[in-house]
Every structure is written in structure tokens, then in C-alpha cells.
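Here is a short report on one helix and its surroundings. Please look over the sequence and the fold before reading on.

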Amino acid sequence: IWHCKVYISRENRPMRSLKTEDKQAATKIAYDTFAEVLNQSNTTGTTSPRNLERLSRRYIDIYELKNKNGEKGGSLPNLNRIRNVIGKLFLAFCDFKQYKKPKDLPSNLSSLYIEWRREEGWKSTGIDKKGNHVNGANTKKVIPSEDTIFNELQSIRKFGDYLIENKLLSERVKIPTRTSFVPAKDDDESKNPPFTPSDYRKITAGFRRWIKKDDGYDRRTKAVIYQFFLISTSVGWRYASEGLLMKWSGIKGFRQETHMIKGEEVTSTISKIKIRDSKRNKIRNGEFVNGQHIQDLKEMYEEWSQENPNLKPKPDQYMFLDPKTGNPLSKAQVYDTFKEKILPDCNLDRNDYTYYSTRKYMITTRIAEGADPTVLCLITGHDERVMFKHYVRINEEQAAGKATVMTYSDRSKDSKWSPLWEAAGTANTNA
């Protein structure tokens, strides 16, 4: 096998294998190798071999350092995800396809990865670094879900972005959209439990502690993420496909309503909201409790808009903007904060809550307080079969020993509504 030595300087003379026994072919390859190594030295300052295995190790090292320093993006779940997807699965895929360097990666990388992951990838999920089978891991073919594969593709694309930043890849890795690749789930029939009343109080306290924590995360963004949680548990919408896509034009107004709680009259704010049902692709309207959370959110943005006018609420604007970037909150921001920052800090009675528990909490709480399940189906977009199969049963199981009864009027013919732009509220992130 012929080799060549590239002279960069007296101290730096890297050697490369030309991978051929043909002298004439080796001569041609040597010139190409010289140009490649010289360009690498000029653009990156190093002549270390830029193979995918070394690059993935350096990429993982970046996140291990972030994890050590407590930096954004360095959470342990994120680090473990990168170790598994990039350090194990992606490298196994590249080894299977004989891709050694970034330039070997094809334009249809995602399609090839999907095919490999379904047919061969399972062999790489149950072995250690030496290739030995790990106890308890799969020993036969198991096809991962589309959701799992899509999440892996997102990690691979981000690794590709890292290669682009280092001038090792010319084009971004193309992946399908989630909606086109991952089948829509009917989360209304999922086993995600509603929060218990005590756990709900612990979670809201956890959010307030997190807002006060000095961790480098913009406190305004924290406040919006908390308000989104409060509103989600009051409205019961599908948080990702309906809540995060909500615009201010969908808030139709507010009115005051008196409830009887333990024999005392308590006045609360009711909101009227128009929601685009993501499951049935139609509009539904409803009246919801705790409308003051929406008023609080609006006043927060009005205050922040004094420095950034783009944050001022407008009818055609998304309700939940990240005050730091001006972009809509992402599903990852909301869900990862909930799972990684809030829940671990709350000492809860159970550990199987998801963000979809906000929807189930709203419905079970309203049923427990006397709301008509049929009306709830209309305002939440639930199937009546699911409502009576799951929620009414949960309410019956939790009804024993209930200390507080609140009476709601599900619909009010004589309501006096004030539009959003005239409604008064007090901004308060400690609600």
C-alpha cells in the first residue's frame, strides 16, 4: 500500500495512506490528498484526520463539557441522547455503509438511515463498545417507532450543522417534517394521568422556584413558559398542536362569574376562546376558568414591549412568544423544561406525568366540580366515548372524601363580555 507525506512545516508533516498498490494511481491520489490536507490546515488550523468517528467524539466532548459546566444544552438527558444517537447509532450506520469522512455522506442520508434503522439498527442498540451483547437488550429484530427515528434524525441533522460550521460539509442534512413522517397520535386515549390536586400545587411551586433561580435562562421566557402551563391546565387544549399555535385573535373576551366555594361566594374571570381543533380540523368555542392568566400574560408582553415593540400583543400574533428571541415558544422548550427542570424538583406522589396531563387535569377537575361532560366534549374537542370511558371513571374513583365543591355555569346566556383589548388584569408570575 502506497503512502504519502504532506509537508506543512518542519514540525508538521502528516502521513496519509493512499489505499492502493498501483503506483500510477497512487501518484494521482497523492496530489488530491496534498490539496485536501493543505486546505484543512489553512481553514481549521489542524491536520488531524477528519474522519466521522473522531468528529463524533469531539462533538460529544462539547456536550460533556456543557454538562460539566451546567450550560444550556448540556442536560444529562440531552448528553445521553447525543451519546446514543451520534456515538453509537450514527457511527454504526456509517460503518455499515462504509462512510468514513463527511464528504462520503450522501444527499439522501436520511432516507438511507431510516431504511437501515428499521432493518439493521436494532443490532446496534444492545451492544457495548466492544460489540458484546448487553444483558436485557433486544436479541431479535425490533423496529423503532417513527417518532423515535425522527428524533434521531433531528440529532443527526444537528451534528451535520456542526460539520458545516467547521467547513466539513457543504449542505445541511435534509430530513422529513415530523407531520409527514410521524403518524398523528390520539393522545386522548393515552394513559397519561391527570395531576392530583397536591401534585398540581407542588408543580406550580416548582415553576415559581425555577423562575427565581439565577441559572442564565431569561426570566421573561421562564414567566411565559409558566403562564403557558397555567393556561393549559385551565383550557385543556392539546398543548403542542393547539396551545402553542394559538394567536391573540382567538381570545374573544372575558367576564366575571361568581362561584360558591365552601359556602362562600368567590368571583373569578371566565375567558371565551376560539380554538382550531387540530384533530378534527374545525373551530370550537368555549368558556374557560382562570381567564386572569391570559390577562396576566398580555400585560407582561405590554410591559416588555416598551423595550421591544415587536412583543406588543396584536390579533394576528402568536400568544406565546419567547421574549428573548421574539420567536414562538417551541414544543421542546415547554416539554423539556417541564420534564427536566420542574418535575425532578417537586417530590411528587407519582412519576408518570407528561405535559398531556395538563389536558387531563383540566377535564377531571371540571367534572369533579360539577361540569357537564357533554359540554366539556364540545369545548375540548374530546370524543364522548373517550370522555365517559376514561374521565368519568377517574372522577368516580377520586370522588370519595372530596372536600371542596365548586359550581360552574357551563354556559351563560346573560354574560357581559369585555373584549381582550379592554380587559384589565394584573401581571403576576407568582399566581
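A nonpolar core is a set of buried Ala, Val, Leu, Ile, Met, Phe, Trp, Tyr and Cys residues joined through side-chain atoms within 4.5 Å. Buried means under 20% relative accessible area, with a 1.4 Å probe and protein chains only. This is a predicted model: local features need pLDDT of at least 70, side-chain atom pairs count only at pLDDT 80 or more, and totals for chains, interfaces and linings use all residues. Residues are numbered from 1 along each chain as its sequence is written, and side-chain values use heavy atoms, leaving out hydrogens and water.

The largest nonpolar core has 52 residues. Ile203, Phe207, Phe229, Ile251 and Phe320 have the most contacts inside it. Helices (H or I, at least four residues) and strands (E, at least two) are DSSP runs, numbered from the N terminus. These elements each give two or more residues to this core:

| Element | Residues |
|---|---|
| helix H7 | 197-212 |
| strand S3 | 251-261 |
| strand S4 | 264-277 |
| helix H10 | 292-304 |
| helix H11 | 331-342 |
| helix H13 | 373-380 |

H8 and H12 also belong to that list. The largest share, nine residues, comes from H8. A second, separate core of 35 residues includes Tyr59 and Leu169.

Threonine 221 lies in helix H8 (residues 219-235). Threonine 221 counts as buried because its relative accessibility is 1%. Its C-alpha is 5.5 Å from that of aspartate 322, although the two are 101 residues apart in sequence. Beyond neighbours within four places in sequence, threonine 221 has contacts (heavy atoms within 4.5 Å) that include Asp322, Pro323 and Leu329.

How values were computed: Buried < 20%, exposed > 50% of the residue type's maximum accessible area, 1.4 Å probe, protein only.
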